[in-house]
Amino acid sequence: AESYVGFDSITSQIERKLLKRGFQFNVIVVGQTGLGKSTMINTIFASHLIDSKGRFASDEPVRQTTEIQAVSHVIVENGVKLRLNIVDTPGYGDQINNENCWDPIIKYIKDQHSAYLRKELTAMRDRYIQDTRIHCCLYFINPTGHSLRPIDVIVMKKLSEVVNVVPVIAKSDCLTIEERERFKLRIREELVYHNIRLYPFDTDEDDQDETQWNSDIRAVIPFAIVGSENNVIIDGKSVRGRKNRWGVVNVEDEAHCEFVHLRNFLTRTHLQDLIETTAQIHYEAFRSKQLLALKE
Ligand code: GDP
Ligand code: MG
């Protein structure tokens, strides 16, 4: 005990500094037109910003998305600041010829890597670099209950080379509970069959806990989600929901869909891991390729 110098307090110093700066987290939504991407962005923000005024509190309908566009909000929870940035993309795959329709999205993701690299090479090393790199790509799957479409396979494969891809079953209120479970299994089988490796990635350094943690989240993905831009009254409380002739889907009810699970995954349980994986795997791959090209 006499040799104690107290440098273990560095962890709380680092923590305090990091918490003060807060987190920057960037998500992109990708998928065919009409699968509810813009609605989902609205739902995610509304669920955090129930008291806030402005676009997300209003019942203004979601318009057709025509360009790649970021929506950003700061969420504060227990004094920790999270700047959540969600990039909306126009749907693709509705043209007769879908060849290379994913190019603008891949380009957008690579452009952010490139911008970060440029700042990294010029900025003073200790200065904080504004991070616009995409940490997670939510890939919206049509709730057909059958299988992935060929275009899903192609696009997810392309995306998985540059970003953490997390598939979601869009509009899962269209499927019965059994259909939903069967569809989930089917999607996982097809991803394996097509050799598409998605987030989370196992590494050799993983300990038992990390391996378990990865397989736990794999057992949920793809998240079966429901979005809504309207509030409904349930038990006297105003919540995001969808009202049908036969009842109401409460978006935030875990018995109805996995929206809350997805929100926790993004903003709580996997936030830091998605950020680290982006830096260590996707950005690093981009960076070494660029630097190698510079040398030649
Ligand atoms: P985007 O083209 O992917 O951005 O799709 P939009 O967000 O514009 O939504 C297209 C339509 O689907 C709108 O009429 C939404 O109200 C509806 N929609 C969005 N999410 C859901 C959902 O979870 N379930 C159902 N049944 N409809 C939804
Ligand atoms: Mg849209």
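Two strands count as paired if DSSP finds at least two bridges between them. In this predicted model, β7 and strand β8 (residues 237–244) clear that bar with 4 bridges, running in the antiparallel sense. One of the contacts to look up in the viewer is V232, whose bridge partner in β8 is V239. The pairing belongs to an open sheet of 3 strands, ordered β7-β8-β9 and antiparallel. At the edges stand β7 (231–234) and β9 (247–250), each with a single partner strand, so one side of each has no neighbour in the sheet. From one strand to the next, the twist averages 65°. As for what holds such an arrangement together, strands of a sheet pair through backbone hydrogen bonds, either parallel or antiparallel.

The loop between β7 and β8 has a backbone quirk of its own, at D235. This residue is not a glycine, yet its phi is positive, at about 50°. D235 is also exposed, with a relative accessible area of 80%. A similar case turns up at N195, again not a glycine, with a positive phi of about 60°. N195 sits in the loop between α5 and α6 and is exposed too, at a relative accessible area of 55%.

That loop, between α5 (177–193) and α6 (208–218), also holds P200. The peptide bond leading into P200 from Y199 is cis, with omega near -5°. Another cis peptide bond joins I221 and P222, with omega at about 0°. Here the proline lies in the loop between α6 and β6 (223–224).

Y199 comes up again among the aromatic side chains, where the model has 4 aromatic pairs. One of them brings together Y199 and F201: the ring centres are 6.4 Å apart and the planes meet at 90°, so the pair is edge-to-face. Both partners are tucked away from solvent, with Y199 buried at 4% relative accessibility and F201 buried at 15%. Another pair is made by F223 and F265, with centres 5.3 Å apart and planes at 50°, so this one is tilted. The F223–F265 pair links distant parts of the chain, since F223 is in strand β6 and F265 is in helix α7 (residues 259–269), 42 residues apart. F223 is buried at 0% relative accessibility, and F265 is buried as well, at 1%. Put together, Y199, F201, F223 and F265 form one aromatic cluster.

Aromatic rings also meet a charged side chain in this model, at R133. This arginine lies over the face of Y116, at 3.6 Å from the ring centre. R133 lies over the face of Y283 as well, in that case at 4.6 Å from the ring centre.

Finally, the cysteines. The structure holds 0 disulfides. For C101, the closest cysteine sulfur is that of C137, and at 13 Å it is too far away for a bond, given that a disulfide calls for two sulfur atoms within 2.5 Å. C136 is in no disulfide either, with the nearest cysteine sulfur, again that of C137, 7.0 Å away. C101 is buried, at a relative accessible area of 16%, and C136 is buried at 0%.

Definitions and conventions:
Residues are numbered from 1 along each chain as its sequence is written. Chains are lettered from A and ligands numbered from 1 in the order in which they are written. This is a predicted model: local features need pLDDT of at least 70, side-chain atom pairs count only at pLDDT 80 or more; totals for chains, interfaces and linings use all residues. Side-chain values use heavy atoms; hydrogens and water are left out. Helices (H or I, at least four residues) and strands (E, at least two) are DSSP runs, numbered from the N terminus. Axes are lines fitted to C-alpha atoms, for helices over the stretch in contact, and angles run from 0 to 180 degrees between N-to-C directions. Buried means under 20% relative accessible area, exposed over 50%, partly exposed in between (1.4 Å probe, protein chains only). Rings of Phe, Tyr and Trp (its six-membered ring) pair if their centres lie within 6.5 Å; planes under 30 degrees apart count as stacked, over 60 as edge-to-face and the rest as tilted. A charge sits over a ring if NZ of Lys or CZ of Arg is within 6 Å of the ring centre and within 35 degrees of the ring normal.
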